[in-house]
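Grab a pencil and have a go at a few short exercises. Try each one yourself before you read the solution.

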Amino acid sequence: MSTATTTDLDQFQQTIREGIPDVLPPAQPLDLSVSHAPKRKDILTTVEKKLALRNALRYFPKSQHGILAPEFAQELKEHGRIYMYHLRPEHAMRARPIADYPSKCTQAAAIMLMIQNNLDPAVAQHPHELITYGGNGAVFQNWAQYRLTMKYLSEMSDDQTLVMYSGHPLGLFPSHTEAPRVVVTNGMMIPNYSKPDDWEKFNALGVTQYGQMTAGSYMYIGPQGIVHGTTITVLNACRMLKGADRTTKGKLFVTAGLGGMSGAQPKAGNIAGVVTICAEVNATAAHKRQSQGWVDEVIEDVDACIDTAITSQKKGEAHSIAFLGNVVDLWERLAERSIHVDLGSDQTSLHNPWAGGYYPAGLSYEQSNDLMVKDPAAFKLRVQESLKRQVKAINTLTGAGMYFFDYGNAFLLEAGRAGADVFGSTLLGRGAGGEGEFRYPSYVEDIMGPMCFDHGFGPFRWVCTSGDAKDLATSDRIAGDVLEAMLKEAPDTISQQIADNLHWIRNAQSNKLVVGSQARILYADSEGRIRIAEAFNKAIKSGEISAPIVLGRDHHDVSGTDSPYRETSNIRDGSRFTADMAVQNFVGDAFRGATWISLHNGGGVGWGEVINGGFGMVLDGSADSDRRLKSMLLWDVNNGIARRAWARNPNAVWSIEQEMKRTPGLKVTLPNEAEDDLIDRAIGK
């Protein structure tokens with residue numbers, strides 16, 4: 001039920017319906033109370049800057065060009081982008097109850113709710129630059145796109161589709177009720193124009209954007225999503241440690257990053273039961289996570305930080321510490337003091353290393369932001385030197401028994417490119433394509449791939465569009481009941497995954513994971529996702545849940561993403577550099593019932609390094625929703641398992657064989673194994 005006053009609600013709905021206003025509102029001063037994106041590289045020529053300005057002004061009638069042209073030119077000079085701050089709406093950005101959105105169809109209202117949630121200052125990393133997380137993961141390129149998109153959604157009928165080109169609403173097109181209501185693409189470049197500087201250039205021109213994974217597809221639910229994935233990762237990483245004690249109690253986990261996604265790490269460490277030290281150079285980000293309850297304390301002195309962690313270890317207590325300083329200083333001090341670290345990783349935004357994703361040692365946060373703009377070449381050298389130092393300290397600690405894994409943020413990739421000592425693995429298939437063979441695994445190679453993705457377990461999430469915490473609590477209970485029933489009949493092969501997620505969902509309320517929308521996540525396989533979604537739909541129909549639910553997932557999943565250094569890093573048949581799976585997933589979801597679909601270039605590992613697809617689906621309690629969820633969710637998971645099985649991943653072969661027994665009409669091509677001796681005789685050793 002809405003908590004807005006009639007006047008506030010009327011004003012909000014009027015702003016949504018008007019789109020680009022006939023009369024410009026008063027210009028707003030830059031709000032310094034929120035985090036802002038760093039100034040982007042000055043990469044355009046004078047001719048290109050004129051083109052960028054011309055591109056921006058096409059959203060507005062000529063009568064407004066005289067006012068806006070000098071403002072936009074100044075933004076381009078000061079920020080490296082044209083965000084159109086003048087057009088930023090006065091209404092609060094948050095996930096309002098679905099009934100508050102002016103609309104002609106429920107699906108469109110749900111999409112508006114999800115867009116607003118992605119731009120909520122409590123959720124978004126740089127909300128006024130329309131960036132949700134990852135330093136450059138954008139919902140839109142500018143505020144004109146936001147206004148026009150919301151207007152189109154308010155007018156959309158059940159037989160129209162809105163087409164989104166990298167944040168730009170191309171328009172509403174006649175379609176039909178079975179079609180997706182919105183089709184989203186982000187950053188889909190001709191391959192030869194997909195280098196990091198290409199993003200800088202074409203984004204500055206206003207013709208493309210980096211949608212990350214769930215930013216540009218309107219499915220971000222705050223750091224809760226990565227909290228869950230990190231919790232599962234830490235639990236299973238501890239189970240892989242050598243020795244008899246593979247529990248989490250008293251274990252030390254060292255990592256870095258407290259941004260939009262990485263900020264979930266200390267919370268996940270607490271839930272898993274370890275002691276966590278997470279380095280962060282941005283004081284605003286560190287204290288924001290502390291105020292939100294995602295990290296227990298912030299400490300600036302590196303030795304005090306380490307000593308506090310050791311004290312918590314001795315007590316056997318879960319505790320999380322933000323080290324307010326450079327990650328290199330932390331790793332080097334741990335190595336100097338010969339501290340035993342059990343688990344090590346990194347979640348700085350190294351997919352974006354030259355524009356604020358990683359900060360070099362020896363410079364303050366402010367000095368780094370200044371240098372990356374004034375002297376990009378010098379900044380790049382400082383970053384590469386820091387990566388080499390960081391890896392040297394990590395190598396020392398792994399030599400003493402630490403288990404280190406790449407968290408899919410391009411850490412090993414960029415460290416290797418910088419000349420750091422990260423090579424030396426003999427694992428077949430790593431580093432194909434000239435990047436070398438990394439001595440450390442991606443967490444997908446060791447943990448998520450074989451233990452989760454190959455079995456179809458991935459980040460299933462939902463949002464209660466009522467905004468009512470009671471509906472979320474009901475959905476938690478329903479999902480837990482489904483998992484409990486599944487656990488009783490589950491084969492040993494997947495019982496641990498189900499048990500971990502049952503524990504997660506039963507404790508979700510007490511862990512206070514909600515930031516922004518009333519949302520939840522858990523890992524489930526195809527059968528689990530379908531059974532949970534069916535139960536939700538029945539609860540909506542009966543009134544047990546008061547409003548529709550939006551289903552979705554992170555793209556970091558079984559089928560939606562082709563990413564050779566993360567999601568598909570444990571695919572060893574040479575196909576991990578192909579992107580057929582993500583595209584097929586996107587297309588298949590479209591005609592099997594998704595409400596909206598998205599396809600992106602770029603994600604957590606970088607522009608040009610990954611193609612990923614996502615979806616959103618609205619459940620409204622109808623028989624139509626029941627039909628759609630069964631059709632789409634089966635495909636959304638199993639197309640990826642089939643591809644992984646064809647790559648000869650044994651757990652995926654087992655899983656798709658089980659699905660073929662359950663599902664009439666499913667026939668998947670399975671691989672025939674060749675004997676090693678035969679291959680050696682034919683080719684030679």
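Here are three exercises on this predicted model, each with a worked solution.

**Exercise 1.** Work out where Pro89 sits and whether Pro89 is buried or exposed.

*Solution.* Start with the position: Pro89 lies in the loop between α3 (65-79) and α4 (106-118). Next, check the accessibility. Buried means under 20% relative accessible area, and Pro89 comes in at 3%, so Pro89 counts as buried. Now look at the surroundings. If you skip the neighbours within four places in sequence, Pro89 touches Thr15, Gln28, Trp143, Tyr146 and Arg147. Finally, try a long jump: Tyr443 is 354 residues from Pro89 in sequence, and their C-alpha atoms are 41 Å apart.

**Exercise 2.** Find which residues make up the nonpolar surface patch that includes Leu170.

*Solution.* First locate Leu170, which belongs to strand β4 (residues 168-174). Then see how open Leu170 is: the value is 39%, and the partly exposed class lies between 20% and 50%, so Leu170 is partly exposed. Last, add the partners: Tyr165 and Phe173 join Leu170 in a patch of about 300 Å².

**Exercise 3.** Trace which strands pair with β12, and what Arg461 faces in each.

*Solution.* Begin with β12 (residues 458-464) itself: seven of its seven residues are buried. On to the pairing. Strand β13 (residues 519-524) runs antiparallel to β12, joined by six bridges. Strand β14 (residues 549-553) is also antiparallel to β12, over five bridges. Now zoom in on Arg461: the bridge partner in β13 is Ile521, while in β14 Arg461 stands opposite Gly552.

Methods
Residues are numbered from 1 along each chain as its sequence is written. This is a predicted model: local features need pLDDT of at least 70, side-chain atom pairs count only at pLDDT 80 or more; totals for chains, interfaces and linings use all residues. Side-chain values use heavy atoms; hydrogens and water are left out. Helices (H or I, at least four residues) and strands (E, at least two) are DSSP runs, numbered from the N terminus. Buried means under 20% relative accessible area, exposed over 50%, partly exposed in between (1.4 Å probe, protein chains only). Contact means heavy atoms within 4.5 Å. Patches are made of residues with over 30% relative accessible area and no salt bridge: like charges are joined within 9 Å, nonpolar side chains (Val, Leu, Ile, Met, Phe, Trp, Tyr) within 5 Å. Accessible areas come from the Shrake-Rupley method with a 1.4 Å probe; for residues, only the protein chains shown count as cover. A salt bridge is a side-chain nitrogen of Lys or Arg within 4 Å of a carboxyl oxygen of Asp or Glu. Two strands pair if DSSP finds at least two bridges between them.
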